[in-house]
Amino acid sequence: MSQLEAKQAAKTMIQAKKLGKRYGQDVILERIDIDVKEGEFVTLVGASGCGKSTFLKMLLGIETATDGELLLDGKPVPNEPGSDRGIVFQQYSVFPHMTVLENVVAAKGFEKRSISGYLFGKEKALAKQEASDILQQVGLSHALNRYPHELSGGMKQRLAIAQAIICKPRILLLDEPFGALDPGIRADMHTLVLDLWQKHKLTIFMVTHDLKEGFHLGTRLWVFDKLRHDPHAPNAYGASITYDLPVGHAPAPLYEEIDQRIRPVFDPSKDTTDDTTENAL
Ligand SMILES: Nc1ncnc2c1ncn2[C@@H]1O[C@H](COP(=O)(O)OP(=O)(O)OP(=O)(O)O)[C@@H](O)[C@H]1O
């Protein structure tokens, strides 16, 4: 292997090799072959139920592959969540009985894996300081002592992001994190996520139903769709990554072209009654 090849290989973080996922007889994902380098920001789009969240769950380690391999740094993704992988869901996943600050300190406690999840003494004081810093980064320093029910949707998601970030993940998994937010708030959240991505040198995988968000936010856009359809056995085949596109800083006309190309993915009238077909990229 040449020096250049070795350098490129060292930067690869996530690899899927003929990755597939089945639940019983239902094939959800199949034939996924990808290679993601450290620092990429991948956005995932595709029809509802095609397996995007399942893919994130496999990266998180709470679902396992039934076919092929999913590797992190060249080794199988561990079968449990770890502090190197943080996740934020669409549904607000904060502790309702804790203040904003306590929520983030608690996340740090779980990361430390103490038996109770609680921190004490100096460790707790340090965690509080760290939590305050992170909360400042996500724009919540004015709300440290508020409870989740006193926060707006956008603030709750900022809190959930702070909980993920305090564990210093290398990979941040975002499962439609802004789906429930108003457009203006979403724009603020985009700025925040891009800022954190840069500042913390994260590798991000983000599921979205908003194509524009997918085009503009990431460096790479994946479209999940079925390559093969059998009208007599709709669950016989799973989704693959049918488009893998460099996006983000591409000129606006390119977004429009891509938008046109993948729009049928979201069209409910899409004809899936053909015989088993192979879609051309
Ligand atoms: N634990 C499970 N057992 C059986 N089937 C499951 C399980 N989890 C998910 N599924 C099925 O797997 C398929 C993919 O689900 P998934 O949530 O990954 O889709 P998605 O693309 O994220 O959908 P959406 O965009 O609506 O969130 C769905 O048909 C779902 O019903």
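This is a short tour of the predicted model you have open, one selection at a time.

**The whole chain**

Start with the protein chain in cartoon view, where you will find 8 helices and 10 strands. Of its 281 residues, 34% count as buried. Among contacts with a separation of 6 or more, 70% join residues 24 or more positions apart.

**Two domains**

Next, colour by domain: the assignment gives domain 1 as 10-84 + 172-281 and domain 2 as 95-168. Where they meet, 12 residues of domain 1 are in contact with 12 residues of domain 2. On the domain 1 side, helix H6 (residues 183-199) supplies the largest share, 5 residues. That side is made up of 9 nonpolar, 2 polar and 1 charged residues.

**The nonpolar core**

In soluble globular proteins, nonpolar side chains tend to be buried together. To see this model's largest nonpolar core, of 66 residues, select the ones with the most contacts inside it: Leu 44, Leu 59, Val 104, Leu 135, Ala 162, Leu 173 and Ile 204. Helix H5 (residues 153-165) gives the largest share of this core, with 7 residues. Domain 1 and domain 2 both contribute residues, so the core lies between them.

**Helix H5**

Stay with H5 and show its side chains. The helix has 13 residues and reaches 18 Å from its first C-alpha to its last, close to the 18 Å expected at 1.5 Å a residue. How many of its residues are buried? The count is 11 of the 13, so H5 is largely enclosed by the rest of the structure. Click along the helix to find the buried residues, among them Met 155, Leu 159, Ile 161 and Ile 165. Lys 156, Arg 158 and Gln 163 are on the buried list too.

**The ligand and helix H2**

Now move to the ligand. The residues around it are Tyr 23, Ile 28, Gly 46, Ser 48, Gly 49, Cys 50, Gly 51, Lys 52, Ser 53 and Thr 54. By type, this shell divides into 3 nonpolar, 6 polar and 1 charged. Which helix gives the most to the shell? Helix H2 (residues 52-60) does, with 3 residues.

Follow H2 along its length. Its buried residues are Lys 52, Phe 55, Leu 56, Met 58, Leu 59 and Leu 60. Lys 52 is thus both buried and part of the ligand's surroundings. Pause at Leu 59, which you met in the core: leaving aside its neighbours within four places in sequence, Leu 59 is in contact with Val 77, Arg 85, Ile 171, Leu 173 and Phe 205. Just after H2, check the backbone of Gly 61, which takes a positive phi of about 100°.

**Two loops to finish**

Select Gly 74, in the loop between strand E4 (67-72) and strand E5 (75-76). Is this residue buried or exposed? Gly 74 is exposed, with 10 other C-beta atoms within 10 Å. Add Ile 14 to the selection: it is 60 residues from Gly 74 in sequence, while their C-alpha atoms are 7.5 Å apart in space.

For the last stop, go to Asp 230, in the loop between strand E9 (220-226) and strand E10 (239-246). With 15 other C-beta atoms within 10 Å, Asp 230 is partly exposed. Draw a distance from its C-alpha to that of Leu 217: these residues are 13 apart along the chain, and the separation is 34 Å.

Technical notes
Residues numbered from 1 in each chain as written. Predicted model: local features only at pLDDT ≥ 70, side-chain atom pairs only at ≥ 80, totals over all residues. Core = buried A, V, L, I, M, F, W, Y, C linked by C-beta atoms within 7 Å. Buried ≥ 20, exposed ≤ 12 C-beta atoms within 10 Å, placed from the backbone. Helix = DSSP H or I, 4+ residues; strand = E, 2+ residues; numbered from the N terminus. Domains from an automatic or database assignment. Contact = placed C-beta atoms within 7 Å. Near = placed C-beta within 6 Å. Nonpolar A, V, L, I, M, F, W, Y, C, P; charged D, E, K, R; others polar. Expected span 1.5 Å × (residues − 1).
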